[in-house]
Amino acid sequence: AMELIETQGAFTLDRYLTKLREDPEQGRAGKALLKDERWVEGEARARDLSTVEHPKMEKLRSLIGEQMSGKPGSRIIVFTQYRDTIEPVMSLIAGLGGVTAERFVGQATRSPRDKGLKQREQAEVLGRFRDGAFNVLVSSSIGEEGLHVPDVDLVVFYEAVPSEIRSIQRRGRTGRTMPGRVVVLLAEGTIDEAYFRTTANKERKMKSLIEGEREKGADGLHAYAAKA
C-alpha cells in the first residue's frame, strides 16, 4: 500500500484497497484487518484523494507533449507495472490534443473493471499500433516480453523495476532500427530510487560478466591458434 501511494498515486491505492475488500476468499486474518478502524480510515482517505494526480502525471503529460510537438509522427510506449495505473494514464492522454492511446494488458481478468485481453485481441491492438491507428500504447508488463511490438520513438517507465532483465526488455522497444529515447520516472525518496539503483548495479554486473566471458573466449582462441 505504501509503495502504491508513493510511486503510483491515490487512485491506484484506492483500487487496490477496494479489491482487497471485495475479495470473496478473504481469510480470518483478512476479515479482521478490514474491520480495524485504522484500516477503514485508510480506505476513506485513499478514496477522498483518488482524484488527486500523482506528480508523475504532470511529467508524463509534458514528456508526451514535447515528443509529439518535436516529432508529430512519433509512436510512444508507456509501461506501468500496475494495471490499475493504466486507467489514469489513459485519462491523461485523452486530454492531450493529437494523441490517442490504447491499453495493452495480459489475458487475466482480475475484476469486472479490469478485463484482460485475449491473445487475438492483443494481436489486434499491436496491429493497429503498427498501422498508426493510435500513437501511444499504455502497457502492463505483458509488453516487455517477446511480442512483436514495433520500434518506437519514446519509451516511458512509469516506475523503476527491480529487474535488469525487465529493464532491458522495456528499453529494447526503442532504438532498434532508428534512434529512440527512454525516460524512467522516479518519485524522490521512495522505493523507486532503490529499484533504479538496484537494477543499474545488476546491469553493470551483467555487462562485467559478459565482458569477462568474451575475454576468456578470445584468450582460449589465441592459445589454440598459437598451439596450431
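E203 is a good place to start: in this predicted model, E203 is buried, with a relative accessible area of 10%. Its salt-bridge partner is R171, and the closest N and O atoms of the two are 2.8 Å apart. R171 is partly exposed, with a relative accessible area of 30%, so here a buried residue meets one that falls between the cut-offs of 20% and 50%. Follow the chain and you will see that this pair links distant parts of it: R171 sits in helix α8 (residues 164–171) and E203 in helix α9, 32 residues apart.

Stay with helix α9 for a moment. D192 forms a salt bridge with K56, with the closest N and O atoms 2.6 Å apart. Because K56 lies in helix α5 (residues 55–70) and D192 in helix α9 (residues 191–227), the pair ties together parts of the chain that are 136 residues apart in sequence. K56 and D192 are both buried.

Next, turn to E87 and R15, another salt bridge, with 2.8 Å between the closest N and O atoms. E87 belongs to helix α6 (residues 83–94) and R15 to helix α2 (residues 10–22), so this link between distant parts of the chain spans 72 residues. R15 is buried at a relative accessible area of 12%, whereas E87 is partly exposed at 37%. The count of salt bridges comes to 13, and among the residues involved, E53, E58 and R61 are joined into one network by salt bridges that share partners.

Helix α4 is worth a visit too. This helix (residues 37–49) has 13 residues and reaches 18 Å from its first C-alpha to its last, close to the 18 Å expected at 1.5 Å a residue. At its N-terminal end D36 acts as a cap, with a side-chain oxygen 2.8 Å from the backbone nitrogen of R38. Within α4 you will find E43, which is buried, with a relative accessible area of 8%. What is E43 in contact with, leaving aside its neighbours within four places in sequence? The residues are L17, R21 and L34.

Finally, look at the strands. Strand β3 (residues 136–139) runs parallel to strand β1 (residues 76–79), and four bridges join them; I77 has L137 of β3 as its bridge partner. Four bridges also join β3 to strand β2 (residues 101–104), again in parallel, and here F104 is partnered with S139 of β3. Both faces of β3 are covered: V136 and V138 are buried on one side, L137 and S139 on the other.

Technical notes. Residues numbered from 1 in each chain as written. Predicted model: local features only at pLDDT ≥ 70, side-chain atom pairs only at ≥ 80, totals over all residues. Heavy atoms only, no water. Helix = DSSP H or I, 4+ residues; strand = E, 2+ residues; numbered from the N terminus. Expected span 1.5 Å × (residues − 1). Polar contact = N/O pair within 3.5 Å; in protein donor to acceptor, adjacent residues only side chain to side chain. Buried < 20%, exposed > 50% of the residue type's maximum accessible area, 1.4 Å probe, protein only. Contact = heavy atoms within 4.5 Å. Pairing = 2+ DSSP bridges. Salt bridge = Lys/Arg side-chain N within 4 Å of Asp/Glu carboxyl O.
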